[in-house]
Amino acid sequence: MREDLKRIREAAVEAMQQADSIDSLNELKVRFLGKKGELTTILKGMGALSDEERPLMGQMANEVRDEINRVLDARMEELRQAVLNAKLASETIDVTLPGRALARGTKHPLTLVIDEAKQIFMGLGFEVAEGPEIESDYYNFEALNLPKDHPARDMQDTFYINPEIVLRTQTSPVQVRTMEKKAGELPVKIICPGKVYRKDDDATHSPMFHQIEGLVIDEHITMSDLKGVLLAFTQQMFGKDVKIRLRPSYFPFTEPSTEVDISCVMCGGTGCRVCSNTGWLEILGAGMVHPNVLRAGGYDPEKVSGFAFGMGVERIAMLKYGINDLRLMYENDMRFLRQF
Amino acid sequence: MQISYNWLKELVDIEISADELAEVMTRAGVAVEHVIPTNKGVTGVVVAKVLEKEKHPEADKLNICQVTTDGENKIQVVCGAPNVAAGQTIAFATVGATLPDGVKIKKAKLRGVESNGMICSVKELGVEIDKIPPEQKEGIVVLPEGTPLGTSVTEVLHLDDYILELDLTPNRSDCLSVLNVAMEIGALLGKEVRLPQPEFTCNDENIADLAKVTIEAPELCHRYTAKMVKGVKIQPSPFWLQHRLQCAGIRPINNVVDVTNYVMMEYGQPLHAFDYHELANHEIIVRQAKADEEIVTLDSQKRVLADDMLLICDGAKPVAVAGVMGGENTEVTDDTTDVFIESAYFQPTSVRRTSTRLGLRSEASIRFEKGINFETVLTAAERAAQLIQLTGGGTVVNGTIDNYPTKHERAMITLPMSNVNQLLGTEISNDEIKAILTKLNFVITKEEGDMLTVEVPAYRPDCSIKEDLIEEVARVYGYDTIPQTLPFGASSRGQLTEAQKIRDNVVNKLVGLGLNEVLNYSFINKNNDEKLNYPADDIRRNSVAILNPLSEEQGHMRTSIVPGLLNTVLFNHNRRNEDLAIFEIGKVFLLEGEITPEELANEKWTLGIALKGKSNATWQHTGVEYDFFYLKGIIEELMAELKLTNVEYRPCKDNSIYHPGRSAYLYINGQMAGVFGELHPAIAANYGINGHCYIAEIDVETIIAQGIRVVQVELLPKFPAATRDMAVVVEENVLAGDLERVIAENKGELLKSWKIFDVYQGDQIAKGYKSIAFALTFQADRTLTDEEVSAAYDKVLKALEAQYQAQLRN
């Protein structure tokens with residue numbers, strides 16, 4: 001019997017280790033360990049053993065069964081793993097193929113710039129104001145210190161609806177409208193993004209374009225505040241290394257007035273084609289609000305002061321996104337719009 | 001304004017280069033746009049004399065010349081200019097010389113004859129063709145006899161110079177004068193300015209005996225002065241004068257005309273020279289024109305005048321449009337000997353109106369309309385007399401005419417010095433403030449504590465209030481020196497209004513749904529009214545017309561967002577971008593009656609959507625064809641985003657833009673908020689669009705009026721839901737929306753939600769009928785029994801049967 005058990009153990013271990021499928025392993029399990037299996041059959045002969053031998057053989061039979069089970073489990077695990085691996089291998093896909101084409105919507109680049117400007121200025125405590133695009137001559141010109149015969153009206157080619165009504169040539173009319181609405185309240189801190197219109201149409205001018213106006217009025221507002229606010233804006237819009245430069249200029253509604261240049265965002269100021277080798281880009285006009293404009297808005301220039309600025313959104317978008325042709329902005333070519 | 005750099009150097013000691021000077025001026029507010037060298041690359045061209053000239057044996061038009069550049073050695077050169085002659089002093093390019101555009105002079109053989117150089121014309125020396133005076137137009141330039149041989153010709157012709165091209169802001173019209181620019185530079189560089197001193201010899205006649213000036217319109221002609229020069233020889237001006245005019249962009253004509261232009265550039269004072277003998281009665285009358293009075297101006301154009309225009313007349317006829325242009329009838333000609341020089345101050349707005357209405361902007365009118373220096377009116381006339389005498393001989397007549405009926409005074413401004421730093425945020429000392437103003441020729445007439453009384457120089461009419469003076473201080477102090485600070489004081493809320501937030505939300509949602517934002521002009525062509533087939537009395541036909549449009553295409557303001565979208569669809573189709581899903585949000589402009597400053601147009605924020613073609617395809621899937629329900633899905637998502645729940649869609653059969661069977665009105669809380677659907681094929685054809693196109697127009701104002709909704713969540717159910725399907729057969733013209741309304745009205749306590757999951761029409765159903773299948777979800781705060789669910793189910797079914805004769809399918 002001892003010999004039989006030894007033989008069964010060896011035969012079972014060898015057969016199981018060589019089993020090459022889960023099915024054949026299951027068959028071996030039945031063959032050796034099943035109710036009619038070899039081990040069970042042998043154990044049926046236990047009754048014939050002596051009292052001394054029976055416990056020894058019992059113990060040995062248990063050891064053989066455990067050994068066979070161990071081998072069986074290990075082999076079973078190996079075979080299962082192999083089956084899984086084979087299944088996974090058969091499921092391989094080409095992961096370099098493109099993914100599902102979900103529709104990706106885009107904002108117009110001018111909206112992107114306006115959104116960004118709104119975020120920046122809201123962070124600086126500005127509200128967003130609005131006004132009509134078909135505007136009275138009064139708000140567009142006269143209230144901005146530009147009476148009817150003023151030579152500076154030549155600076156702008158105006159679309160007229162009638163002698164008293166124009167398409168606003170700038171977002172500046174919102175200045176006086178806002179002041180009237182605020183009715184003396186302080187501080188006034190607004191930006192006004194929006195469409196403006198000028199009778200000009202060529203490679204670098206569009207008859208409709210966008211501006212962002214800014215206006216701050218309070219006690220003790222200074223030109224240094226103007227510089228600080230514009231620096232904060234341009235560095236957030238174009239990067240923290242951007243420098244600004246102010247040049248004296250003229251606008252009828254500010255005094256002193258200034259043009260504001262930023263260091264070229266393309267070359268960093270060393271000079272390139274975009275900045276005509278000057279290292280500087282003109283991006284906005286600004287100044288201290290003219291006393292006549294403060295008065296027109298119902299504020300006393302002896303008690304408060306303010307600054308205003310205006311910038312072209314197209315210009316900023318072109319610089320920021322490397323757009324070299326203004327016309328792309330209004331053609332709405334999907335190949336252009338889908339890039340944003 | 002263009003100015004010769006060397007001219008400025010004659011007036012101020014400038015020790016920096018033209019480029020550096022340009023930078024200094026630009027940073028102080030007088031922008032120099034370009035610095036242009038007048039020597040375009042000329043070297044090795046020297047003064048020479050033609051000793052001999054003989055005809056070329058082989059060529060009719062060529063001459064063989066012997067020239068000398070040192071008076072001793074002969075150089076043989078072949079010359080083709082018709083005017084070359086022995087004895088002339090000429091500009092000779094030696095072998096090795098360079099000319100503009102990189103031309104290099106080499107030894108050559110012309111028809112077998114050796115040529116060692118080239119005799120030059122001014123054009124060949126780089127003078128622009130439209131700046132060449134008449135006598136130098138043909139052939140080589142002939143230099144004055146006695147010009148030292150061997151001298152560089154660029155020196156003789158003053159070509160070693162730079163043009164400063166100024167880009168002046170409208171307030172700095174004082175810089176339309178070289179002297180004023182020199183004073184600006186003097187202030188910026190801290191240098192003295194050397195002003196010209198008119199000096200001349202006079203004869204013993206007096207102008208008062210020779211001419212008479214009467215001002216009949218003193219409110220338009222504030223001052224009229226005159227000088228006379230007799231016995232003048234009309235001839236070309238000297239090269240230095242010609243060069244300075246050429247730098248200023250003016251073509252030299254003859255000495256008298258050139259001098260009037262030169263002094264205009266110098267003083268900013270426009271002058272006019274009359275031929276004294278052409279002035280009837282030798283008198284000048286300054287008066288307003290009569291209506292429709294005519295004059296032929298110097299440019300040979302007949303001008304018809306209005307009665308508020310100012311006219312210069314002699315004893316018989318008009319001789320000039322005051323401040324704008326002189327008349328042809330009294331112009332200086334080659335035969336003129338006696339010259340009457342006018343220098344006047346005309347009222348700026350009047351000149352501006354006249355020149356605008358005549359469509360005639362001249363160098364003179366540009367200066368008068370901004371206001372000239374009222375103190376140098378007479379000085380400029382004297383300066384012209386001096387220069388005419390210098391360039392054309394003759395004698396200056398004694399005395400001056402100076403009628404000055406409307407006196408000007410220098411403006412006075414009081415400036416509290418503390419205001420300077422208060423406005424600029426700087427710490428400029430009072431001494432520095434005063435020093436800067438003084439450098440700029442402002443006169444401090446009084447100083448009391450903080451308060452300055454400042455007299456404005458006569459050439460700075462742009463300065464009238466204290467802020468102007470603060471700007472003067474700031475720009476000389478340097479804008480760069482102003483510190484950078486952020487405003488302090490009461491804090492403010494940086495925020496958007498509710499309307500702005502809602503509009504931004506709409507844009508963000510549509511972008512999230514995969515639509516591309518487009519932006520069209522607000523202008524449209526009026527013919528869109530017909531292309532969109534608006535009814536005759538439609539409000540959208542009441543568009544705002546532009547009085548002076550760029551074109552008919554852009555003649556009106558849009559009353560609908562649709563034309564722009566359709567043009568975008570077409571534009572992209574023509575570029576093979578056939579599939580698109582786009583939106584635009586912007587204003588349309590509606591007129592409700594006459595537009596006045598008090599009642600402007602109704603500007604309505606509007607959302608437009610257009611779908612055409614299909615969604616993206618890949619290797620895995622074909623794209624989804626856009627259809628009505630794709631568009632409606634977008635709108636439903638948008639409504640959900642805006643938390644608008646009381647939304648209804650009603651069939652639209654009466655909108656000319658849309659397919660009458662495939663369009664719907666959008667109602668929010670019972671209020672019409674938009675319309676959408678398939679573009680009517682006739683409209684598509686009008687815009688050249690092939691195939692189906694889907695359009696939506698949504699009134700953003702109505703959405704905004706709903707306010708911002710904040711969602712209140714429903715707690716998640718603790719007990720399982722029961723679902724039952726219900727497929728009902730109804731007549732095919734019954735609307736799903738109506739069935740849903742009945743379900744909603746009969747949902748009771750238990751029916752929580754339902755969804756249409758199938759619509760069928762076909763063989764298995766009687767003709768004229770359709771089946772609509774609903775998935776109903778029942779739920780309560782307990783586990784529902786079958787009986788409860790069935791009862792709720794039956795209630796809905798009964799109601800459908802009762803109202804729409806719905807039959808349960810099967």
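**Notes on a predicted two-chain model**

1. Let me start with chain B, where the C-alpha centres of domain 1 and domain 5 are 55 Å apart. Please keep in mind as you read on that this is a predicted model.

2. The full domain assignment for chain B runs as follows: domain 1 takes in 2-35 + 168-189, domain 2 covers 43-156, domain 3 covers 202-403, domain 4 covers 415-481, domain 5 covers 498-705 and domain 6 covers 722-808. Note that domain 1 of chain B is written as two segments, 2-35 and 168-189.

3. Chain A is divided into domain 1 (2-90) and domain 2 (109-337). Taken over C-alpha atoms, the centres of these domains of chain A are separated by 90 Å.

4. How do the chains meet? On the chain A side 80 residues are in contact, and on the chain B side 78 residues. Helix α8 of chain A (residues 223-238) supplies the largest share of the chain A side, namely eight residues. Sorted by class, the chain A side has 41 nonpolar residues, along with 22 charged and 17 polar ones.

5. Within chain A, have a look at helix α2 (residues 22-33) and helix α4 (residues 53-90). Their axes come within 10 Å and cross at roughly 170 degrees. Because angles over 145 degrees count as roughly antiparallel, α2(A) is described as roughly antiparallel to α4(A).

6. Which residues make up this helix contact? From α2(A) come A:I22, A:L25, A:K29, A:F32 and A:L33, and they meet a set in α4(A) made of A:R65, A:I68, A:L72, A:R75, A:M76, A:L79, A:R80 and A:V83. By class, the contact of α2(A) with α4(A) has nine nonpolar and four charged residues, with no polar ones.

7. Back in chain B, there is an open sheet of four strands. Its order is β39-β40-β38-β41, and the pairing is antiparallel. The edge strands are β39 (751-760) and β41 (807-808) of chain B, each of which pairs on one side only.

8. Strand β38 (residues 722-731) of chain B runs antiparallel to β41(B), and two bridges join them. If you would like a residue to click on, try B:V729, whose bridge partner in β41(B) is B:Q807.

9. What lies across this sheet? Helix α21 (residues 786-804) of chain B does, lying across β38, β39, β40 (769-778) and β41 of chain B. Relative to β38(B), helix α21 of chain B runs at about 15 degrees.

Terms used. Residues numbered from 1 in each chain as written. Chains lettered and ligands numbered in written order. Predicted model: local features only at pLDDT ≥ 70, side-chain atom pairs only at ≥ 80, totals over all residues. Domains from an automatic or database assignment. Contact = placed C-beta atoms within 7 Å. Nonpolar A, V, L, I, M, F, W, Y, C, P; charged D, E, K, R; others polar. Pairing = 2+ DSSP bridges. Axes fitted to C-alpha atoms, helices over the stretch in contact; angles between N-to-C directions. Parallel < 35°, antiparallel > 145°, perpendicular 65-115°, else oblique.
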